[in-house]
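Trainee: I'd like a close look at a single part of this protein rather than a quick tour of everything. Could you choose one and talk me through it?

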Amino acid sequence: MSSLTTAHATNAVNALLQSVLPGSASIKVDRKRFSRDKGSKAQLIDRNLKKRAEVQERDVYRIKKKEKKALRKKISGRKQAQEDVEQKAKLQVLRKHQENNTLTDHERNYLDKVIKRNVRNLKSWDYDDKEEIQDLQKQILANSSDARKVRKVKSRRQKKKQFKEALSQSVKDHRYQALTPGLAPVGASDEEDSEEEEDY
């Protein structure tokens, strides 16, 4: 609805209200609201298409970035696999030369380096102190969720037990040791009390 038809409709409603209810407040036309017209439908469509193109460009950039990252990862994986294959082939050639006793000094040095590196890697994983390993295992097991649950249950039981003991001790009346709760003093009978009450 255009601003002109809205203004006409508002004037018609105001005239009707004045005739039916004299002295009633008239409805004011909000000129600012109508002046902020967003343009024709063609302009709205054009604006929406531009926004959509911007969003698609951002998405295309993001997609290209992900594709490049995946491609780099794939290439580095291929390079690593290629290097591993070359390393294994080189080591097989060196083993054959070693079996035939035809190793050159350069090959012998390279083989020694590889052997030292592998031994160092194995030693880093090999650990002789069994007591320390067992202590570490105990710590890991103690920090596991099952151990925490067991400790929690034990602490709850202990708290309940302490509460019950404290409750049973507080129920006992220590002020009058000869009295039992709700009964006459030890050694006295109920008949004596009733005779004393009748005298009053």
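Mentor: Sure, but one definition before we start: a helix here is a DSSP run of H or I with at least four residues, a strand is a run of E with at least two, and the numbering goes from the N terminus. Also keep in mind that this is a predicted model. With those terms, the pattern along the sequence reads α-α-α-α-α-α-α, that is, seven helices and zero strands. Of the protein's 200 residues, 6% count as buried. The accessible surface is about 19500 Å², and carbon and sulfur atoms hold 54% of that. As for contacts between residues with a separation of 6 or more, 12% link positions 24 or more apart.

The part I'd pick is α4. It runs over residues 105-125. Its 21 residues take it 31 Å from first C-alpha to last, close to the 30 Å expected at 1.5 Å a residue.

Now for the inside and outside of this helix. Glu107, Leu111 and Val114 are the buried residues of α4, buried being under 20% relative accessible area. Looking down the helix axis, you'd find the buried residues of α4 within an arc of 65°, so they line one face. Part of what covers them is α3. Turn to the face pointing away from that buried side and you meet exposed residues: Asp105, His106, Lys113, Lys116, Arg120, Lys123 and Ser124.

Two of those buried residues, Leu111 and Val114, also belong to the largest nonpolar core, which has five residues and is completed by Leu91, Leu94 and Leu103. Both α3 (41-99) and α4 give two or more residues to this core. As background, nonpolar side chains tend to be buried together in soluble globular proteins. Leu111 is a nice one to click on: setting aside neighbours within four places in sequence, its contacts are Leu91, Leu94, Gln98 and Leu103.

One last stop, just before the helix. The loop between α3 and α4 holds Asn101. Its phi is near 55°, a positive value in a residue other than glycine. Is Asn101 buried or exposed? At 70% relative accessibility, Asn101 counts as exposed, because the cut-off for that is over 50%.

So the picture to take away is a helix with its buried residues lining one face, α3 among the things covering them, and exposed residues on the face turned away.

Definitions and conventions:
Residues numbered from 1 in each chain as written. Predicted model: local features only at pLDDT ≥ 70, side-chain atom pairs only at ≥ 80, totals over all residues. Heavy atoms only, no water. Core = buried A, V, L, I, M, F, W, Y, C linked by side-chain atoms within 4.5 Å. Buried < 20%, exposed > 50% of the residue type's maximum accessible area, 1.4 Å probe, protein only. Contact = heavy atoms within 4.5 Å. Areas by Shrake-Rupley, 256 points an atom, 1.4 Å probe, with all protein chains shown as cover. Expected span 1.5 Å × (residues − 1). Arc of directions from axis to C-beta.
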